[in-house]
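Subject: Handing over the structure, with notes

Dear colleague,

I am passing this structure on to you, and below it you will find my notes on what came out of it. Please keep the structure open while you read, so that you can look up each residue as it is named.

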Amino acid sequence: MANRYKSDLSWSDVTPAEVFFNRRKFMTGAAALAAGGIAGPAFAAASKFSTDEEPNKWDEITNYNNFYEFGTGKTDPSEYAGALTTSPWKIEIEGMVDKPGSYSYEDIMANMTVEERIYRFRCVEAWSMIIPWNGFELADLLNMVGVQDGAKYVAFETLVRPEEMWGQKRNFIPWPYREGLRLDEAMHPLTMMATGIYGKDIPNQNGAPMRLVVPWKYGFKSIKSIVKIRLTDEQPETSWNMINAPEYGFYSNVNPDVDHPRWSQASERRVGGGLLAKRIPTLKFNGYEEEVAGLYEGMDLAKFF
C-alpha cells in the first residue's frame, strides 16, 4: 500500500495553479496586513495527515452531496443551496466552557491557523471521495473557549432556516440536524472544522461557511453549516441515531467488518470512476486506524458501531 501520509506536500500539490498563485499573492498581502496590526487567519502548509491519493475534481465534490436540508437527491444541494445566506454567521458555544457566547465567523477565523488537509471521505452509503479541505483543528476552537473539567462530549447543531433550506419543510428528520462526538474524538488532531475546498471558500452545498470533518467516521457525522456547539457531560442525541438507532450508532466509525443492515460495508465506489468502475476495499477507520484505534481500546466495535 502506498504511504498514506506525506509531510512534504505543498499547497500546489492539489490546488489548481491559478488558485495557488492567487493565494500566494493573498498570503503575501495578509502577512503585510498582519505586520500592520490587522488581525486575520494564519495559513500553514499542507498537513502531515494528508493522504497522497488523487483528490476528486471540484465538480465531483460540489455536485454530489447529501444535505437533506436542500432535498434528498444527490444534485439537490448544488441546485438549491444558493438560497442560503451565510454572512453574517454566528456560532453559539455553550455548556461546560469557560467562555460561552455567540462567536462570529470572523471572530473565530481571526484566532485560527488554516491549513490544507487531503482526507478520505467515506459515506455510509458506500461511496467515497478524496477531498482537499481547508480549515483548522476543532481542538484549537475548543481550547480558545476553554473546556471545563467534567465535560465528556461535544454536541453540534445545523442551522434551521426553512425559508432558505426548503428541505426543512419536510419532517422526515427532526430539525435541527444534530451530531456529537466524545471529547477525546473532538480533540483528536485529525478532527477539523472545514471552511474551504481547493483553497476556495466552502460552497453552500458542502456546508458553508463552516462544517465538521471527522475522516475516520461515516460522512453523516461531519455535520454541515454549524450554528451551535455545546460541551456536556452526557452523550448527546444525534439525528440518524434518533431516526433509526438499529442502523446508525452514535460512533459510526468506518468499519468494513460491520455491515449496514441493508448493505455491505466491505467495499466502496469512488465517485468519479463511473457506475461500472471496480469497487475498492474499505479500510478500517477509513485508513486512519494507526491514528485513532487507541481511542476505542477495549470497546467492542461491532456493538458500539
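A residue is called buried when its relative accessible area is under 20%, exposed when that area is over 50%, and partly exposed in between. Glu 53, with a relative accessibility of 26%, therefore counts as partly exposed. Please bear in mind throughout that this is a predicted model.

Since Glu 53 has come up already, let me stay with it for a moment. Glu 53 sits in the loop that runs between strand 1 (42–43) and helix 2 (58–63). Which residues does Glu 53 touch, if those up to four places away in sequence are not counted? They are Ile 118, Arg 120, Ile 130 and Arg 270. With Arg 120, which is 67 residues apart from Glu 53 along the chain, the separation between the C-alpha atoms is 8.5 Å.

The whole protein

The protein has 305 residues, and buried ones make up 53% of them. Its secondary structure consists of 8 helices and 13 strands. If you take the contacts between residues at least 6 apart in sequence, 74% of them join residues that are at least 24 apart. The accessible surface comes to about 13700 Å², and carbon and sulfur atoms account for 51% of that surface.

The core and the cavity

The largest nonpolar core has 75 residues, and among these Trp 133 and Ile 229 touch the most other members. Trp 133 is worth finding on your screen: leaving out residues up to four places away in sequence, its contacts include Tyr 119, Phe 121, Met 192, Ile 197, Ile 202 and Val 213, and also charged residues such as Glu 115 and Arg 211.

Trp 133 also helps to line the largest cavity, together with residues that include Tyr 119, Arg 120, Phe 121, Arg 122, Val 213 and Gly 219. The structure holds 1 cavity of 30 Å³ or more, and the volume of the largest cavity is about 40 Å³. Which strand gives the most to the lining of this cavity? Strand 4 (residues 113–122) does, with 4 residues. Sorted by class, the lining has 6 nonpolar, 2 polar and 3 charged residues.

The largest pocket

The largest pocket has a volume of about 440 Å³, and 28 residues line it, with Asn 66, Tyr 68, Gly 219, Phe 220 and Lys 224 lying nearest its centre. You will recognise Gly 219 from the lining of the largest cavity. For the pocket, strand 5 (residues 127–137) gives the most to the lining, again with 4 residues. The lining of the pocket divides into 17 nonpolar, 6 polar and 5 charged residues.

Helix 5 and strand 8

Helix 5 (residues 138–145) is mostly covered, for 6 of its 8 residues are buried. These are Leu 138, Ala 139, Leu 141, Leu 142, Met 144 and Val 145. After helix 5 comes Gly 146, with a positive phi near 80 degrees.

In strand 8 (residues 192–197) you will find Thr 195. Is Thr 195 buried or exposed? Thr 195 is buried, because its relative accessible area is 7%. Apart from its neighbours within four places in sequence, Thr 195 is in contact with residues that include Tyr 105, Met 109, Asn 134, Phe 136, Asp 201 and Met 210.

Backbone details

Two peptide bonds deserve a look. A cis peptide bond, with omega about 0 degrees, joins Ser 87 and Pro 88, and Pro 88 lies in the loop between helix 3 (76–80) and strand 2 (90–95). Another cis peptide bond, also with omega about 0 degrees, joins Trp 175 and Pro 176, where Pro 176 belongs to the loop between strand 6 (153–158) and strand 7 (178–182).

Finally, Ala 126 is not a glycine and yet has a positive phi of about 75 degrees; Ala 126 is placed in the loop between strand 4 and strand 5, and counts as buried because its relative accessibility is 7%. Tyr 198, not a glycine either, has a positive phi of about 55 degrees, lies in the loop between strand 8 and strand 9 (200–201), and at 10% relative accessibility counts as buried too.

With kind regards

Conventions:
Residues numbered from 1 in each chain as written. Predicted model: local features only at pLDDT ≥ 70, side-chain atom pairs only at ≥ 80, totals over all residues. Heavy atoms only, no water. Core = buried A, V, L, I, M, F, W, Y, C linked by side-chain atoms within 4.5 Å. Buried < 20%, exposed > 50% of the residue type's maximum accessible area, 1.4 Å probe, protein only. Contact = heavy atoms within 4.5 Å. Helix = DSSP H or I, 4+ residues; strand = E, 2+ residues; numbered from the N terminus. Areas by Shrake-Rupley, 256 points an atom, 1.4 Å probe, with all protein chains shown as cover. 1 Å grid on protein atoms, 1.4 Å probe; cavity = no way out; pocket = protein on both sides within 12 Å on 5 of 7 lines; lining within 4 Å. Points joined across faces, edges and corners; volume = space filled by probe spheres on them.
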